[in-house]
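Please work through the exercises below with the sequence and the model side by side, trying each task before reading its solution.

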Amino acid sequence: MESIKLELYVGADYVSAFAMSAFVALKEKQLSFELVTLDLKARENYQASYRDISLTCKIPTLVHQGFALSESSAIAEYLEELAPGHNKLYPLDIQQRARARQLQAWLRSDLLVIRKERPADLIYFGKKDTPLSDDALAAVSRLFFVADRLLEEGAGHLFGAWSIADTDLAIMLNRLLANGDPMPARLTDYVRRQWDRDSVRSWMDIERAAPSIQ
């Protein structure tokens, strides 16, 4: 698979949860790729040159042989078919695979209030002093319920073997854990196990400039 030419467009600040998910998927598939960065604050992702590539002006975008694909979950599914002989990104069982995709879709379509009040950049740059709102606390309760229900007692991963859904869930949970918000002990342990994966460490090892304080 070394002959495959892949580019992954991400924000230059390297804090997007979705860019991290796509990066981890590529690393888990053991595919070589080039990172291409865009200055999102300067709205480079809305320039015509990138719009013509990405279609939706979103990051991350994967480019393979002239084919560009946005949305991190779509990227993971594409990579699963592109490199089927490498580490699996999704469970082999059809129902577990469907559940993993359901979880990915839910994490992206719900819980917006958590993403707003606990943005991903605090994972890298420190805590927010503001307490969670009532709406956010209700969303956290839903998140913990889903995580607790899907993660079997004593299990290291959601579906036996690791899947990309583990990374996506751990990112959402780590928005809270990194901020010091209360979390059940077994979910805390789960996040820390996920953060110990080589693919996740590779993302965390990227140098980042702390945002300037206005």
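The exercises that follow deal in turn with the sheet, the helices across it, the salt bridges and the empty spaces.

This is a predicted model, in which local features need pLDDT of at least 70 and side-chain atom pairs count only at pLDDT 80 or more, while totals for chains, interfaces and linings use all residues. Residues are numbered from 1 along each chain as its sequence is written, and side-chain values use heavy atoms, with hydrogens and water left out.

**Exercise 1. The sheet**

Find the order of the strands in the open sheet of four strands, and state which strands stand at its edges.

Solution. Begin with the terms: helices (H or I, at least four residues) and strands (E, at least two) are DSSP runs numbered from the N terminus, and two strands pair if DSSP finds at least two bridges between them. With these terms, the open sheet has the order S2-S1-S3-S4, and its pairing is mixed. Strand S2 (34-38) and strand S4 (67-70) each have a single partner strand and therefore stand at the edges, with one side of each left without a neighbour in the sheet. From one strand to the next, the twist averages 20 degrees, where axes are lines fitted to C-alpha atoms, for helices over the stretch in contact, and angles run from 0 to 180 degrees between N-to-C directions.

**Exercise 2. Strand S3 and its partners**

Describe how strand S3 pairs with S1 and with S4, and where its side chains point.

Solution. Take S1 first: S1 and S3 run antiparallel and are joined by four bridges, and Leu-6 has His-64 in S3 as its bridge partner. Turn next to S4, which pairs with strand S3 (residues 61-64) in the antiparallel sense, again over four bridges; here His-64 stands opposite Phe-67. S3 and S4 form a hairpin with two residues between them, and Gln-65 in the turn has a positive phi of about 50 degrees. Finally, consider the side chains. In a regular strand they alternate between the two faces of the sheet. In S3, Thr-61 and Val-63 point one way and Leu-62 and His-64 the other way, and all are buried, where buried means under 20% relative accessible area, exposed over 50%, and partly exposed in between (1.4 Å probe, protein chains only).

**Exercise 3. Helices across the sheet**

Which strands does helix H1 lie across, and which does H3 lie across?

Solution. Contact here means heavy atoms within 4.5 Å. Helix H1 (residues 17-28) lies across strand S1 (6-11), S2 and S3, and runs at about 155 degrees to S1. H3, in turn, lies across S1, S3 and S4, running at about 135 degrees to S4.

**Exercise 4. Salt bridges**

Examine the salt bridge between Arg-101 and Glu-77, and then the one between Arg-186 and Asp-148.

Solution. A salt bridge is a side-chain nitrogen of Lys or Arg within 4 Å of a carboxyl oxygen of Asp or Glu, and by this rule the count comes to 11 salt bridges. In the pair of Arg-101 and Glu-77, the closest N and O atoms are 3.4 Å apart. Arg-101 lies in helix H4 (residues 94-109) and Glu-77 in helix H3 (residues 72-82), so the pair ties together parts that are 24 residues apart in sequence. Arg-101 is partly exposed at 34% relative accessibility, and Glu-77 is also partly exposed, at 29%.

For Arg-186 and Asp-148, the closest N and O atoms are 3.0 Å apart. This pair links distant parts of the chain, with Arg-186 in helix H9 (residues 185-195) and Asp-148 in helix H7 (residues 134-150), 38 residues apart. Through salt bridges that share partners, Asp-148, Glu-153 and Arg-186 are joined into one network.

**Exercise 5. Pocket and cavity**

What volumes do the largest pocket and the largest cavity have, and which residues line them?Solution. The terms rest on a 1 Å grid over the protein atoms alone: a cavity is a set of points where a 1.4 Å probe fits but cannot get out, a pocket is an open set with protein on both sides within 12 Å along at least five of seven lines, and lining residues have an atom within 4 Å of a point. Grid points are joined across faces, edges and corners, and a volume is the space filled by probe spheres set on the points. The largest pocket holds about 660 Å³ of space, and among its 26 lining residues Ser-16, Ala-17, Phe-18, Leu-40 and Ile-59 lie nearest its centre.

The count comes to one cavity of 30 Å³ or more, and the volume of the largest cavity is about 110 Å³. Its lining consists of Ala-17, Phe-18, Leu-107, Arg-108, Arg-115, Asp-168, Ile-171, Met-172 and Arg-175. H1, H4 and helix H8 (164-177) are the elements that give two or more residues to this lining, and H8 gives the most, with four residues.
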